[in-house]
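User: Hey, can you walk me through this one? I'd like to start with the overall layout and then get into the details.

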Amino acid sequence: MAPTTRPTGTPTKLEQGAGAEAGVGDSPLRPDGTLKVTGEFAYSSDMWHEDMLWGCTLRSPHAHAEIVSIDIGEALAQAGVYAVLTYDDLPTEVKNYGLEIQDTPVLAHGRVRHHGEPVALVAADHPETARRAAAKIKVEYRELPVVHNEESALAADAPLLHEGRADHHSPHVPHPNIVHRQPIVRGDAKAAAERAEAIVTGEYEVGMQDQAFLGPESGLAVPAEDGGVDLYIATQWLHADLRQIAPVLGLPEEKVRMTLSGVGGAFGGREDLSMQIHACLLALVTGKPVKIVYNRFESFFGHVHRHPAKLWYEHGATRDGKLTHMRCRIVLDGGAYASSSPAVVGNAASLSVGPYVVDDVEIEALALYTNNPPCGAMRGFGAVQACFAYEAQMDKLAAELGMDPVELRQKNAMSQGTVMPTGQTVDSPAPVAELLRRVKAMPLPMEAQWENVGGEPDVRALPGGLSNTTHGEGVVRGVGYAVGIKNVGFSEGFDDYSTARVRLQVVGGEPVAMVHTAMAEVGQGGVTVHAQIARTELGVARVNIQPADTRVGSAGSTSASRQTYVTGGAVKYVCELVREQVLERGRRKFGTYHPAWATAELLLEGGKVVTDGGEVLASLADVLGDEPVEAEDEWRHRPTEPFDLRTGQGFGHVQYSFAAHRAVVEVDTELGLVKVVELACAQDVGKAMNPQAVVGQIQGGTTQGLGLAVMEEIVVDPGAKVRNPSFTDYLIPTILDTPTIPVDVLELADEHAPYGLRGAGEAPTLSSTPAVVAAIRAATGKALRRVPVRPEHIVEV
Amino acid sequence: MEFLRPASWEEALAAKAEHPSAVPIAGGTDVMVEINFDHRRPTHLMDLNRVPELHEWEVGDGTVRLGASVSYSKIIDELAPVLPGLALASHTVGSPQIRNRGSVGGNLGAASPAGDSHPALLAAGAEVEVESVRGIRSIPVEDFYTGVKRNALAEDELIKWVHIRKADGPQQFSKVGTRNAMVIAVCAFGIALHPGTRTVQTGVGSAAPTPLRARAAEDFLNAALEDGGFWDNGRTIPPSVAREFAQLCSGACNPIDDVRGSATYRRRAVGVMARRTLGWIWESYRAGGNGRTTEGGARCA
């Protein structure tokens, strides 16, 4: 049996002694910040275990094929190989997994549905040995016709991606190659269209963006004495993984013990399983620890991407710019497996109007099953695609009406009290017009920043940068605006809760808080914020954040801009429970010494129990003594409800989040190259829990939106094959592509949320893309209906 | 895979003669990527980093003798005044880490049409000195590229030096990529003015199966400059001449459609770069008083 020693490179608790000045609203440094900047932080790919094996995945070279036969003989015979597994080796009747619909095979069974689908696994004593053995597995394929767009997917004789569907969406979809369809009908769009004095329509397209996180999928599975397995893994949601892994292994959940290892970014791409079950299977079969690390090439096949979309929109308005109606149809390509497509459809539909007041709407959003790469969660989650289209429409409408595009938006901007197309009333601040006003009021960056008096131009400030394509020739500046709306938290009736365990005890004479959650720290800074919350609520300086694992209840997903809200809310709530117990103990111990114990509002501050008048009653150390106080509980945001399947009506979302951008670009109009000079952002965050971190989130989201605007796309050919699975050809912005990003943070409290905060991580990714494209349109006069904008689109050759 | 580590040039030649399939490696910025992705599995890898002369350069009267392993960073830092076009091209190679490792010898060995140094070498004028146990050959750079990722090396030959003509006039280099740094060329263009011979020379990258000179464009421009007395009168080149030159440069291309760009776009972009860079070098030539110039960081005598 394998040793049960702890592997290296796994997380230890993060100690934070930042002092009392590091509570909610302060900007203490990240506890893992220095380690990350100096290269000492252990990411999941850095883990090592004595005697461990390396796992390798054989993937399909075809987008759609029947597996005629698999011969593992030669691979198994290779020296150093411990196991070769195929579908036939799966230990239980559960052979599929999936976030919502269990349609994804752990290993392909008789058929592969997309390029790069896992077919077989190898464990060997060296990664190279494993790779070579995998190459010796002989798989005979018979290629099948591919389904790669709406037309081929919904044709009468289209091959079905999943025959005999029995999932809960299958009864209401018009075609079995549609994962989910959500219409929303409100008011009477047809009648309202009669009142319109201007109507604009448009077709838009969004390419397939990748999360492009830098830390590839990786983890380490260690078999345990009790027949279970310990899995150290980079993920976004430990408990959702656990729920999918355990049944496939045939183990009860308590025998699959999961610990979060160092996560190198996520952005939605780690919501679905990648190598988790594979590593566990190999570990259980070989009895040895098994590590799997994807390389960059494999990573592009190892996770879902952002849904590419085709969007058709119609907006009408009166002459004075008041919107009369909106009709739209949004077709998302979900690829071969469902992943989170149904929820992405719900978002795309319910947020398709944008942050505007329109009473009469007809909306349809759907996701297809195709042989393209599976698509699922990525920052912005269905709202990104819609925002690109409705914001393009707003500019088109403004042009049609001869109005200023910002004024048109402000005229129709939603506010607190606005009724969404779903019938839900927005019941917290929605400062859409104000955000636009703020970005517009910011000073514009200087013209022609590349000019050097008497010297060579600074090409870094020009389109093309150091590639030296222009010294100012053909360069035209453009300015564009956009604003967007994103939901926060899980929607449509999902029981979206988080669990926290908090312990307060005396260590070395000083009160120390220990916070334990299963929250996945993927870079967002939750570990910093949890400590800030504990300091504020418990009045301590020192906080230990325990490693995230499944020894504590679920913290939900690190996605949907929800972690500070929900797990932060849970930490706050449980700290309050701890505080009550502490005060209770104080009253018992010292109540007789001072009447204020019984009568005053008591607080924990600076390591002491104080009255609301500031009088010190006792030190926390004295109240606690040798006995810690501990509490654990779940915390939920207010419930939501599903959207009606025919009308789309329902209180579907917990909270809304808003950001606006102004983009300033320089475009080389002859070569079609773009330099984004500045991307100013204004966003309402309700409460800036950590002002420095929230600005970082906004700048990061803004940059990811810029990437979609001008460069980021996974290119899939009509045969459904991926053509650019590398950072050589899938381009993400470098620091030279990243503009100055001034950020104006508003703090208008949402009374429903802890501290009044508003989820912040996604909204800036929405409006960044359309703002950049609007600016390019302003510079070039081109229609630019598709992102990413390529040089060819600008020069139209 | 066997790893050969010759300690001298002679040992390297002997090893290459003995193992003709050995792949030479210096910076490894190309070879290691190919090996890591299993795109190639050479029987032998020959590390040339212990051969001192490959890291050396010498600025002679008319040419620079550049060791095959001299890094792009060194070219930028040390050789910009004499090889301004190549220095500009070197600046566009990858990231600082890649520029610290990569070399012109590697670019020539790989012979990718997208190699950044090729247009600059073609425009400046260069000869590649290759050697084997059989002897030394000097190959004009325009004859060195024989096809996509193929070159004129015999299987027992190694690249030792690149002899590049010292700039005798302004030079420029321009490259189109869809990102403002760290990007592989969609297409690239190099141009050099040679007042000594009263000629203009070009190099086009990533727009045909091999890097090439736009000969018809050069001939047209040389004749136009001569006929108009431009070399002496220093007048601005008329837009019609620049346009014709640009069109002929576009015409020299034979590009493909690929994931990085379309053939049509490449042809067009080469024309735009040709017109602009011609303008820059000619203005520089004029500003320098017919022959003295400061363009591209270069100061030519």
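User: What does the domain assignment of chain A give?

Analyst: Keep in mind that this is a predicted model. The assignment gives domain 1 (45-144 + 233-263 + 270-294), domain 2 (420-487 + 654-795) and domain 3 (497-636) of chain A.

User: How far apart are the C-alpha centres of domain 1 and domain 2 of chain A?

Analyst: Those centres lie 38 Å apart. The two domains do touch, with five residues from domain 1 of chain A and four residues from domain 2 of chain A in the contact. On the domain 1 side, the residues split into one nonpolar, four polar and no charged.

User: OK, now chain A against chain B. How many residues does the contact take from each?

Analyst: Chain A puts in 29 residues and chain B 27 residues. On the chain A side, strand 30 (673-684) and helix 19 (791-795) are the elements that give two or more residues. Helix 19 of chain A gives the most, with three residues.

User: And how does that side of chain A divide by residue type?

Analyst: It's 11 nonpolar, 10 polar and eight charged on the side of chain A that touches chain B.

User: Switching topic: strand 12 of chain A. Is it mostly covered or exposed?

Analyst: Mostly covered. Strand 12 of chain A covers residues 218-223, and six of its six residues are buried. In a regular strand, side chains alternate between the two faces of the sheet. Here A:S218, A:L220 and A:V222 are buried on one side, and A:G219, A:A221 and A:P223 are buried on the other.

User: Which strands does strand 12 of chain A pair with?

Analyst: One is strand 15 (residues 290-293) of chain A, antiparallel over four bridges, where A:G219 has A:I292 as its bridge partner. Another is strand 13 (residues 229-233) of chain A, also antiparallel, with five bridges. In that pairing, A:V222 stands opposite A:D230.

User: What's going on in the hairpin of strand 12 and strand 13 of chain A?

Analyst: There are five residues between the strands, and A:G227 takes a positive phi near 85 degrees.

User: Any helix packing to look at? How do helix 6 and helix 7 of chain A pack?

Analyst: Helix 6 (residues 238-249) and helix 7 (residues 276-286) of chain A pack at about 35 degrees, with their axes 10 Å apart. The crossing of helix 6 of chain A with helix 7 of chain A is right-handed.

User: Which residues meet there?

Analyst: From helix 6 of chain A you have A:D241, A:I245, A:V248 and A:L249, and they meet A:Q276, A:I277, A:C280, A:L281 and A:L284 in helix 7 of chain A. By type, the contact has seven nonpolar, one polar and one charged.

User: Last topic, backbone oddities. What should I check?

Analyst: As background, most residues other than glycine have a negative phi, and most peptide bonds are trans. The bond from A:V787 to A:P788 is cis, with omega near -5 degrees, and A:P788 is in the loop between strand 32 (786-787) and helix 19 of chain A. A:L784 has a positive phi near 50 degrees and is in the loop between helix 18 (763-780) and strand 32 of chain A. A:A560 also has a positive phi, near 55 degrees, in the loop between strand 24 (542-545) and helix 14 (563-590) of chain A.

User: Why does A:A560 count as buried?

Analyst: Because A:A560 has 28 C-beta neighbours inside 10 Å, and the cut-off for buried is 20 or more.

User: And A:L784?

Analyst: A:L784 has 18 such neighbours inside 10 Å, so it counts as partly exposed.

Definitions and conventions:
Residues are numbered from 1 along each chain as its sequence is written. Chains are lettered from A and ligands numbered from 1 in the order in which they are written. This is a predicted model: local features need pLDDT of at least 70, side-chain atom pairs count only at pLDDT 80 or more; totals for chains, interfaces and linings use all residues. Two residues are in contact if their C-beta atoms, placed from the backbone, lie within 7 Å. Ala, Val, Leu, Ile, Met, Phe, Trp, Tyr, Cys and Pro count as nonpolar, Asp, Glu, Lys and Arg as charged, and the others, Gly among them, as polar. Domain bounds come from an automatic or database domain assignment. A residue is buried if 20 or more other C-beta atoms lie within 10 Å of its own, exposed if 12 or fewer, and partly exposed in between; C-beta atoms are placed from the backbone. Two strands pair if DSSP finds at least two bridges between them. Axes are lines fitted to C-alpha atoms, for helices over the stretch in contact, and angles run from 0 to 180 degrees between N-to-C directions. A crossing is left-handed if the near helix is turned anticlockwise from the far one by less than a right angle, and right-handed if clockwise.
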